[in-house]
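Visitor: I would like to go through this model with you and ask, at each step, what justifies the words you use for it. Could you show it to me before we begin?

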Amino acid sequence: MVNWVSISVIGFFAFLFLDVLIDAVKTICLRILEFDDLSHWSLTIFLALLLAYKELSEDTQDQIRGSLGFAVRPPHTREISSAAAPPKDAVVQSRSAPVPAPTQPPVVDEGSPDVAMAKVEEVFSGAMKNADIVLFATHALRKYGYGPTTLLATSLCCDEVNRDLEKALIGAYGDNFSMGGLAGFAFGGVTSFGAMAHHIPQDGSCLIVYGPHVGIDTHGNVGKINRRGRIASGACCGSAAAAAGYVEKVRRGQPKAKTPKRPLDAQQYFVGSMLLPHAERLARAKDSMVELPHALYDVQDELMLKIIMNGAQEVAGDGKIALLGGIQINTPAGAPDYFLPKKFEIRNNKGQLIENFLWD
């Protein structure tokens with residue numbers, strides 16, 4: 001009688017050496033079943049050994065091969081997924097043939113945060129790091145009782161890169177009331193100011209921080225920023241850049257946009273329309289991307305003063321209204337964000353100026 005158990009064990013070691021395909025082995029085993037009843041047991045042993053071996057990692061398989069004296073597979077033949085296997089009728093490359101090195105991803109010149117910081121000093125002289133502007137503001141306002149009873153209000157662009165300044169201010173005065181929309185315009189208007197004034201703690205005052213923002217990327221490009229998870233830098237502020245493009249087209253003769261009847265994109269319409277008076281100023285600028293946030297600030301400051309004069313009386317008691325206006329400067333990771341103060345003053349609840357904290 002044929003010793004099928006021995007044949008099964010021999011077949012398994014032969015499999016280690018020849019590395020035959022599982023489907024082919026199964027076909028042979030089914031043929032064996034036709035000749036001897038003992039083949040049931042031998043086939044079970046053979047398949048158990050085969051399947052157990054195939055479940056092992058490739059490194060473990062190679063250790064078994066080496067301990068039994070069989071050749072270990074070359075490294076370039078490992079980890080070939082079945083999904084990447086060539087069609088049956090395709091010409092298969094010999095295992096001994098060299099495998100080309102994998103294509104490396106393109107190297108992106110990421111520049112340096114230091115370049116952005118140097119650019120800030122060059123084109124936005126007087127800008128202060130976020131931490132420094134918060135320290136400056138809190139120190140100056142302390143003599144007017146600003147502290148636990150202060151309500152912070154901000155009118156900054158909705159862009160996510162602008163939250164760092166808000167977080168720094170929140171650390172000093174608590175959660176902020178948001179009045180701002182696209183590009184930093186106080187689109188909440190008088191209504192939002194009145195609501196904010198009614199939220200001020202008893203016997204407290206408010207601080208309003210407002211203004212546009214501009215990015216500087218790792219190559220020193222003004223008007224761009226390196227955003228998280230993106231290879232190339234992009235527009236910052238995008239709303240401001242779109243408005244500047246619209247203003248230039250109108251300057252060249254394109255008809256003005258019609259006043260929107262629906263709120264679908266009303267904010268952007270007003271950003272562009274309110275910037276129109278500064279068309280020539282931007283066209284004459286040495287660098288329009290540097291001049292753009294200054295022009296936007298002037299428009300926003302005018303709007304904010306109108307809001308204050310129409311809503312100041314909503315601040316109760318002896319409450320004060322501090323205004324810190326300027327330009328946010330967003331920088332890439334590895335560099336601090338900055339704020340260029342263009343106005344820092346305090347007014348009473350009649351809108352009258354009490355003190356200007358900035359020297360002209």
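Visitor: Which residues lie nearest the centre of the second largest pocket, and how many residues line it?

Guide: In this predicted model, the second largest pocket has a lining of 14 residues, and E160, V161, N226, R227 and R228 are the ones that lie nearest its centre. Its volume comes to about 340 Å³, and its lining divides by class into five nonpolar, four polar and five charged residues.

Visitor: What is the volume of the largest cavity, and which residues line it?

Guide: The volume of the largest cavity is about 50 Å³, and the structure holds one cavity of 30 Å³ or more. Its lining is made up of H213, V214, G223, C236, C237, A240, A241, M289, L292, P293 and L296. Two or more of these lining residues come from each of β5 (213-215), α9 and α12 (288-311), and α12 gives the most, with four residues.

Visitor: How do you know that there is empty space at such a place at all?

Guide: Empty space shows itself when a probe the size of a water molecule is rolled over the atoms. What is called a cavity is a set of points where a 1.4 Å probe fits but cannot get out.

Visitor: What classes of residue make up the lining of the largest cavity?

Guide: There are nine nonpolar and two polar residues in the lining of the largest cavity, and no charged ones.

Visitor: What kind of peptide bond joins C236 and C237?

Guide: The bond between C236 and C237 is a cis peptide bond, with an omega of about 15°. C237 lies in the loop between β7 (234-235) and α9 (238-251), and both C236 and C237 belong to the lining of the largest cavity.

Visitor: Why is S155 called buried or exposed?

Guide: The relative accessible area of S155 is 1%, and the word buried applies under 20%, so S155 is called buried. S155 sits in strand β2 (residues 150-155), and its side chain reaches the backbone oxygen of G184 at 2.9 Å. Apart from neighbours within four places in sequence, the residues in contact with S155 are M179, G180, G184, F185, A186, V209, Y210, G211 and M304.

Visitor: Why is Q268 called buried or exposed?

Guide: Q268 has a relative accessible area of 17%, and since the cut-off for buried is under 20%, Q268 is therefore counted as buried. Q268 lies in helix α10 (residues 266-275).

Visitor: What makes the pair of Q268 and S239 a polar contact?

Guide: The side chains of Q268 and S239 are joined at 2.6 Å, and a polar contact asks for a pair of N or O atoms within 3.5 Å. If residues up to four places away in sequence are not counted, Q268 touches L182, S239, A242 and A243.

Visitor: Why can the buried residues of helix α7 be said to lie on the same side of α7?

Guide: The buried residues of helix α7 (residues 163-173) are L165, E166, L169 and Y173. They cover an arc of only 95° around the axis, and therefore lie on the same side of α7. On the other side of α7, K167 and G171 are exposed. The buried residues of α7 pack against α6 (130-141), β2, β3 (176-178), β4 (205-210), β8 (321-330) and β9 (338-347). After α7 comes G174, which has a positive phi near 90°.

Visitor: Which of the two words, buried or exposed, fits A183, and which fits D203?

Guide: A183 has a relative accessibility of 0% and so counts as buried, whereas D203, with a relative accessible area of 72%, is exposed, the cut-off for that word being over 50%. A183 lies in the loop between β3 and α8 (189-197), and D203 in the loop between α8 and β4. Although A183 is not a glycine, its phi is positive, at about 65°, and D203, likewise not a glycine, has a positive phi of about 60°.

Visitor: How many helices and strands does the chain have, and what share of its residues counts as buried?

Guide: The chain has 12 helices and 10 strands, and 41% of its 360 residues count as buried. Among contacts in the chain with a separation of 6 or more, 67% are between residues 24 or more positions apart.

Terms used: Residues numbered from 1 in each chain as written. Predicted model: local features only at pLDDT ≥ 70, side-chain atom pairs only at ≥ 80, totals over all residues. Heavy atoms only, no water. Buried < 20%, exposed > 50% of the residue type's maximum accessible area, 1.4 Å probe, protein only. Polar contact = N/O pair within 3.5 Å; in protein donor to acceptor, adjacent residues only side chain to side chain. Contact = heavy atoms within 4.5 Å. Arc of directions from axis to C-beta. 1 Å grid on protein atoms, 1.4 Å probe; cavity = no way out; pocket = protein on both sides within 12 Å on 5 of 7 lines; lining within 4 Å. Points joined across faces, edges and corners; volume = space filled by probe spheres on them. Nonpolar A, V, L, I, M, F, W, Y, C, P; charged D, E, K, R; others polar.
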